[in-house]
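Me: I've just opened this one and could use some help reading it. Can I ask how the labels are justified as we go?

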Amino acid sequence: MEEEESVTSGMRKAFFLAVAGGICIALGGIAYLSVENTVVGAVLFTVGLFAIVTGNLNLFTGRACFLLEHPPAYLLELFVIWLGNLVGAGLVGYAVRLTRIAPLSERAALLVQTKLADTPWSVFLLAVFCNVLLFVAVMGFRQNEHEVGKYIGLFLGVVVFILCGFEHCVANMFYFSVSNLWSGKAVLYLVIITFGNLAGAVLVPLIVRLGRGRSAGR
């Protein structure tokens, strides 16, 4: 009984930290939509991930990078985090529509229309690329001993994936919400992007493990 209560408590905590994480990413999305210059917008978007790593909040794409370090049950926690991110990003998206900056929804709509006009295979691969960069950014922040270097790597990873047009599931939760363009296809694409992010999160560590295993075998 105590163990079940502990698990429930842990999942509840993971969910609410993920709601906060979704809110932070959405705020980064607002900053991105608020400027005309895409480079400046990409730099400003990093405020979301900065708040998450410094506040130790939950972000699906970040936590997914540690999947291989946990037992299979960790997938349930990732799902709870994904749901929390959806709630946080969605709340901010729809809240924006009630304010004087609601016209930002028009810019978000253009982004969403571009994404939904793409092919499933394309958005999947772009999502894989996105999380490869986020893996580098997150692990760099975690392992870099130089304080400045930790944040430079973090910021570069985010800026580059945005400028390249890669797909981030939590950012898209916000864009779909603020543009109010949810549909069956939008949900399907969000699921595809989510699995692409998950694949990208484990791609580099899996290759490293295979490489080390082969070296040990020799």
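Me: What order do the elements of the chain run in, from the N terminus on?
Reply: In this predicted model, the run goes α-α-α-α-α-α-α-α-α-α. That fits the tally of 10 helices and 0 strands.

Me: Why is the chain called as compact as a globular protein of its length?
Reply: Its radius of gyration is 17 Å, and the globule rule gives 17 Å for 218 residues; the two are close, so the chain counts as that compact. If you'd like outer dimensions too, the C-alpha atoms fill a box of roughly 60 × 45 × 35 Å along the principal axes.

Me: How much of the chain is buried?
Reply: Buried residues come to 44% of the 218.

Me: What makes Y74 buried, then?
Reply: Being buried takes under 20% relative accessible area. Y74 has 7% relative accessibility, so Y74 counts as buried. You'll find Y74 in helix α5, residues 74-96.

Me: Which residues is Y74 in contact with, leaving aside neighbours within four places in sequence?
Reply: Those are R63, F66 and L67. As for A64, 10 residues from Y74 along the chain, the two C-alpha atoms are separated by 9.3 Å.

Me: How do you know that K115 and E167 meet in a salt bridge?
Reply: The cut-off is a side-chain nitrogen of Lys or Arg within 4 Å of a carboxyl oxygen of Asp or Glu. For K115 and E167 the N to O distance is 2.9 Å, so the pair passes that cut-off of 4 Å. The structure holds 1 salt bridge.

Me: Why does this pair tie together parts that are apart in sequence?
Reply: K115 lies in helix α6 (residues 104-116), while E167 is in the loop between α8 (147-163) and α9 (169-178), so the parts tied together are 52 residues apart in sequence. Both K115 and E167 are buried.

Me: How many cavities of 30 Å³ or more are there?
Reply: The count is 1. The largest cavity holds about 30 Å³ of space.

Me: What makes up the lining of the largest cavity, by class?
Reply: The lining has 7 nonpolar residues, 1 polar and no charged ones. Its residues are I25, F45, L49, L59, L134, V158, F161 and H168.

Me: Last one: what share of the contacts with a separation of 6 or more comes from residues 24 or more positions apart?
Reply: Such residues account for 81% of those contacts in the chain.

Notes
Residues are numbered from 1 along each chain as its sequence is written. This is a predicted model: local features need pLDDT of at least 70, side-chain atom pairs count only at pLDDT 80 or more; totals for chains, interfaces and linings use all residues. Side-chain values use heavy atoms; hydrogens and water are left out. Helices (H or I, at least four residues) and strands (E, at least two) are DSSP runs, numbered from the N terminus. Buried means under 20% relative accessible area, exposed over 50%, partly exposed in between (1.4 Å probe, protein chains only). On a 1 Å grid over the protein atoms alone, a cavity is a set of points where a 1.4 Å probe fits but cannot get out, and a pocket is an open set with protein on both sides within 12 Å along at least five of seven lines; lining residues have an atom within 4 Å of a point. Grid points are joined across faces, edges and corners, and a volume is the space filled by probe spheres set on the points. Ala, Val, Leu, Ile, Met, Phe, Trp, Tyr, Cys and Pro count as nonpolar, Asp, Glu, Lys and Arg as charged, and the others, Gly among them, as polar. The radius of gyration is taken over C-alpha atoms; the globule rule is 2.2 Å times the number of residues to the power 0.38. Contact means heavy atoms within 4.5 Å.
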